[in-house]
Amino acid sequence: LKQQDPSGRPAWQLSSPEARYDLRRRLARADQPRGLIYAKGKPLYRLQAETGTVIGDGQAILLEGRLRVERLSKPEVLIQADRARWLPKQNLLLVDRHPQAYDQQGRLRAQRARFRLDADTLELSGAPRLERWAARFNPFTAVPKVPPETTIQVANLSWQPGTGALVAEGPVVGERRVAGEPAGHQPQKLLGERLEGNTQRQIFTLLGAVQLEDAARGQRFAGRNLQLDLSSQTGSTNLPFQISQGSLRATGSGLTVQGAEAVATITKQCHVEQPGDQLDADRCQWHWRSGAVSAEGSVVLQRAENRQISRGALLQGNLQ
């Protein structure tokens with residue numbers, strides 16, 4: 001079977017080494033069906049399944065058993081499922097059994113999916129999950145066997161395989177395992193209202209009210225609109241926030257966190273306090289492993305002991 005688009009270019013085709021046709025019911029049953037889906041006359045996706053049922057002259061095609069849909073152009077994307085209904089005239093693939101979509105660093109999965117082929121958009125519903133690995137892989141040949149470092153669950157999700165653009169409605173609930181930590185180490189927890197990002201760039205933004213908690217280190221973040229770069233292990237926001245570790249509290253109007261270096265930089269209106277000490281400055285930097293703190297611009301350090309107040313342009317010290 002094959003069809004053309006209104007311009008006379010190939011739109012899709014389906015073939016099988018063996019098929020049986022029921023004239024009365026207008027059904028064709030095909031073994032090992034193979035197909036191509038075109039975009040502007042060029043093949044974009046290749047699909048295959050164990051069995052196929054063609055209704056009418058291709059109004060609907062039921063694909064069952066180890067369904068694979070492979071993107072033929074960069075970036076490499078693989079979609080897998082147990083069953084899907086293909087509606088060629090609507091440029092729609094409806095997946096209702098265990099859809100999973102892999103790119104070079106992650107996987108999307110849910111209970112159901114709608115693949116809008118003309119818009120190259122995969123829409124996931126039914127407890128969709130976004131999973132990301134630190135190491136790259138080939139989704140066609142080497143799907144990871146180890147758990148992902150980052151897992152995020154949302155209410156619904158829309159993803160464009162070609163561009164990597166991703167939009168998800170919350171609530172957003174996630175976990176992140178820090179690289180190098182033992183397998184039994186408690187993961188970081190994150191909460192947000194919505195999620196936007198790009199799977200190719202590995203950059204995601206938690207929108208609305210955001211909370212991050214690292215119970216193992218006693219660290220907590222509360223703020224809004226936090227951007228996470230999974231490749232560089234950094235996070236940033238330009239809005240007011242609060243972070244804490246034990247009795248240490250810090251607030252400001254802009255923050256950049258470098259996870260690998262364990263450094264937090266408060267870029268505006270820095271305020272840091274612990275029992276007995278209080279620091280205000282235009283900009284601060286805090287190394288939470290060592291407790292080292294540096295502050296620049298309109299620095300004011302207040303110490304409860306002897307009611308001491310110190311002022312200057314630069315301060316370096318330790319608040320632990």
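Colleague: What makes strand 23 and strand 24 (residues 248-252) a pair?

Modeller: They share five bridges, in the antiparallel sense. Two strands pair if DSSP finds at least two bridges between them, so the term applies. Strands themselves are DSSP runs (E, at least two residues; helices are H or I, at least four), numbered from the N terminus.

Colleague: What should I know about the model first?

Modeller: It is predicted: local features need pLDDT of at least 70, side-chain atom pairs count only at pLDDT 80 or more, and totals for chains, interfaces and linings use all residues. Residues are numbered from 1 along each chain as its sequence is written, and side-chain values use heavy atoms, with hydrogens and water left out.

Colleague: Which residue stands opposite Ile243 in strand 24?

Modeller: Ala250 does. The two strands make a hairpin with two residues between them. There, Gly246 takes a positive phi near 60 degrees.

Colleague: How do you know that strand 23 is largely enclosed by the rest of the structure?

Modeller: Four of its five residues are buried, so the description follows. Buried means under 20% relative accessible area (exposed is over 50%, partly exposed in between; 1.4 Å probe, protein chains only).

Colleague: How do you know that strand 21 and strand 23 (residues 241-245) pair?

Modeller: DSSP gives four bridges between them, antiparallel. That meets the pairing rule. Gln219 has Gln245 as its bridge partner in strand 23. Arg220 has Ser244.

Colleague: What makes Phe221 and Phe241 an aromatic pair, stacked rather than edge-to-face?

Modeller: Rings of Phe, Tyr and Trp (its six-membered ring) pair if their centres lie within 6.5 Å; planes under 30 degrees apart are stacked, over 60 edge-to-face, the rest tilted. These centres are 6.3 Å apart, with 15 degrees between the planes. The pair therefore passes on distance and counts as stacked on angle. Phe221 lies in strand 21 and Phe241 in strand 23, so the contact ties together parts that are 20 residues apart in sequence.

Colleague: Why is Phe221 called buried?

Modeller: Its relative accessibility is 7%, so it falls under the cut-off. Phe241, at 6%, also counts as buried.

Colleague: How many aromatic pairs does the rule give?

Modeller: Four. Trp12 and Trp86 are one of them.

Colleague: Why is the pair of Trp12 and Trp86 called edge-to-face?

Modeller: The planes stand 65 degrees apart, and the centres are 5.1 Å apart. Both values satisfy the definition, so the label holds. Trp12 sits in strand 2 (residues 10-15) and Trp86 in strand 9 (residues 78-87), so parts 74 residues apart in sequence are tied together. Trp12 is buried at 4% relative accessible area. Trp86 is buried at 1%.

Colleague: What joins strand 20 (residues 203-214) to strand 21 (residues 219-229)?

Modeller: 10 bridges do, and the strands run antiparallel. Phe204 stands opposite Leu228 in strand 21. The hairpin has four residues between the strands, and Gly218 in the turn has a positive phi of about 70 degrees.

Colleague: What makes strand 21 and strand 22 (residues 234-237) a pair?

Modeller: Three bridges, again antiparallel. Gln227 has Ser236 as its bridge partner in strand 22. This hairpin has four residues between its strands, and Gln233 in the turn has a positive phi of about 55 degrees.

Colleague: Now the charges. Why is the contact of Glu131 and Arg109 called a salt bridge?

Modeller: The N to O distance is 2.8 Å. The rule asks for a side-chain nitrogen of Lys or Arg within 4 Å of a carboxyl oxygen of Asp or Glu, so the contact qualifies. Glu131 is in strand 15 (residues 129-132) and Arg109 in strand 12 (residues 106-109), 22 residues apart. Glu131 is buried at 2% relative accessibility, whereas Arg109 is partly exposed at 32%.

Colleague: Which residues are linked with Arg109 in a network of salt bridges?

Modeller: Arg107, Arg129 and Glu131.

Colleague: How do you know that Glu123 forms a salt bridge with Arg114?

Modeller: The closest N and O atoms are 3.4 Å apart, so the pair is inside the limit. Glu123 is partly exposed at 23%. Arg114 is partly exposed at 39%.

Colleague: What about Arg20 and Glu18?

Modeller: They meet at 3.7 Å, N to O, so they also qualify. Arg20 is partly exposed, at 41%. Glu18 is partly exposed, at 45%.

Colleague: How many salt bridges does the rule give?

Modeller: The count comes to 20.
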